[in-house]
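Q: Got a minute to walk through this one with me? Let's pull it up.
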Amino acid sequence: MKILIATDAYYPQVNGVVRTLYETGEILKSQGHTIEYLTPQLFLTFPMPKYNEIRLSINVWPRVGNLIKRINPDAIHIATEGPIGTMARRYCIKNNLKFTTSFHTRFDKYLKLYFPIIPSKWAEKFLANFHNKAERILVTTETMRKELIDIGIDNNKMVTWTRGGNHGAFKNPNKIDLPHKKPIWIYVGRVAIEKNIRAFLELELEGTKIIIGKGPDLKKLKKEFPNDHFLGEKTNGELASHFASSDVFVFPSKTDTFGIVVLESLNCGTPVAAYPAPGPLDILGGTEIDTLDEDLKKSALKALKISREDCLKFAKKYSWEETARIFFENISPNN
């Protein structure tokens with residue numbers, strides 16, 4: 001089949017949305033399907049206010065419609081609610097084309113953090129209206145499904161779409177000798193308010209804290225926590241090596257809808273400390289490597305006692321092959 005994925009998030013951005021769409025596409029291509037992407041690289045863009053690394057497309061209409069018409073896909077998937085996703089959705093509705101969507105980010109919660117003056121109900125209403133027109137809505141976890149029902153998204157259309165972590169260097173990472181006092185506590189991800197990194201940095205823990213990633217709060221946090229190690233962005237083998245060489249990955253976010261980085265850590269044999277929030281709760285809750293606690297320090301200390309072998313064994317339950325299978329089984333062909 002020829003499948004079109006419309007997304008406002010794609011390379012050179014580095015995040016879970018991009019990773020999911022790329023890995024899904026690569027597996028489907030290996031199975032003989034054709035995957036086309038509508039991404040910001042095809043349009044003029046400007047930096048998103050307060051989030052300069054994300055670029056929003058501006059010359060999207062009628063170009064999005066023209067591109068869809070030219071590609072003439074068998075099925076259309078709309079991955080984001082930004083300008084590209086919005087215009088692709090508009091074209092599909094106008095031309096009676098079936099489409100599916102996926103829910104990756106709680107923008108209603110992000111909006112409350114960055115622009116508290118805007119009522120959350122407005123964002124919730126927009127998200128429900130956006131997704132409820134789809135044939136299927138792919139959501140990350142069962143916990144997230146329950147949350148989305150509460151904001152008005154149609155439960156009958158939602159399908160749980162899991163994630164993987166078994167890609168590239170994460171399949172067999174090389175350990176390196178990190179020149180820091182042990183235990184080594186690592187955070188990997190965007191350095192931004194919604195990731196709740198301060199909760200990690202303020203913990204009184206023996207050893208060394210390493211922060212890998214970039215984002216709008218990087219300069220401020222580096223200045224505020226000068227004894228911690230901010231290493232910037234790392235990718236592929238270098239990132240996997242830092243995971244494998246650390247003792248615990250601390251994931252303080254309460255707003256993520258899944259947390260692919262949790263699976264990446266486990267694929268490196270590194271235990272995960274986190275709050276019992278959507279994502280970690282669905283992945284780790286009730287398992288042999290469950291360290292979840294409302295007290296993040298307690299969770300971190302629990303994680304120190306978790307076997308690396310148990311983490312590696314557990315990680316095998318999640319694969320990008322399964323992610324691609326669920327995606328393909330739920331697309332809605334137009335012919």
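**Chat notes**

Q: Start with Cys311: buried or exposed?
A: Cys311 is buried, with a relative accessible area of 0%; buried means under 20%, exposed over 50% and partly exposed in between, using a 1.4 Å probe and protein chains only.

Q: What should I know about the model before we go on?
A: This is a predicted model, where local features need pLDDT of at least 70 and side-chain atom pairs count only at pLDDT 80 or more, while totals for chains, interfaces and linings use all residues. Residues are numbered from 1 along each chain as its sequence is written, and side-chain values use heavy atoms, with hydrogens and water left out.

Q: How many disulfides are there?
A: Zero, taking a disulfide as a pair of cysteine sulfur atoms within 2.5 Å. Cys311 is in none, and its nearest cysteine sulfur, that of Cys268, is 10 Å away.

Q: And Cys92, buried or exposed?
A: Buried, because its relative accessibility is 0%. Cys92 belongs to α3, where Ile84, Gly85, Met87, Ala88, Arg89 and Tyr91 are buried too. Helices (H or I, at least four residues) and strands (E, at least two) are DSSP runs, numbered from the N terminus.

Q: What span should helix α3 have?
A: Its 12 residues (83-94) should cover 16 Å at 1.5 Å a residue, and the end C-alpha atoms are 16 Å apart, which agrees. The expected span is 1.5 Å times one less than the number of residues.

Q: Switching to the sheet: what's the strand order?
A: β11-β10-β9-β12-β13, an open sheet of five strands with parallel pairing; two strands pair if DSSP finds at least two bridges between them. β11 (229-232) and β13 (272-274) are at the edges with a single partner strand each, so one side of each has no neighbour in the sheet.

Q: How many bridges between β9 and β10?
A: Five, in the parallel sense, between residues 184-188 and 208-212. Tyr187 has Ile211 in β10 as its bridge partner.

Q: Last one: what's Thr101 in β6 doing?
A: Thr101 sits in that strand, residues 100-103, and counts as buried at 0% relative accessibility. Its side chain makes a polar contact of 2.8 Å with that of His131. That term means a pair of N or O atoms within 3.5 Å; within protein, one must be able to donate a hydrogen and the other to accept it, and residues adjacent in sequence count only if both atoms are side-chain atoms.
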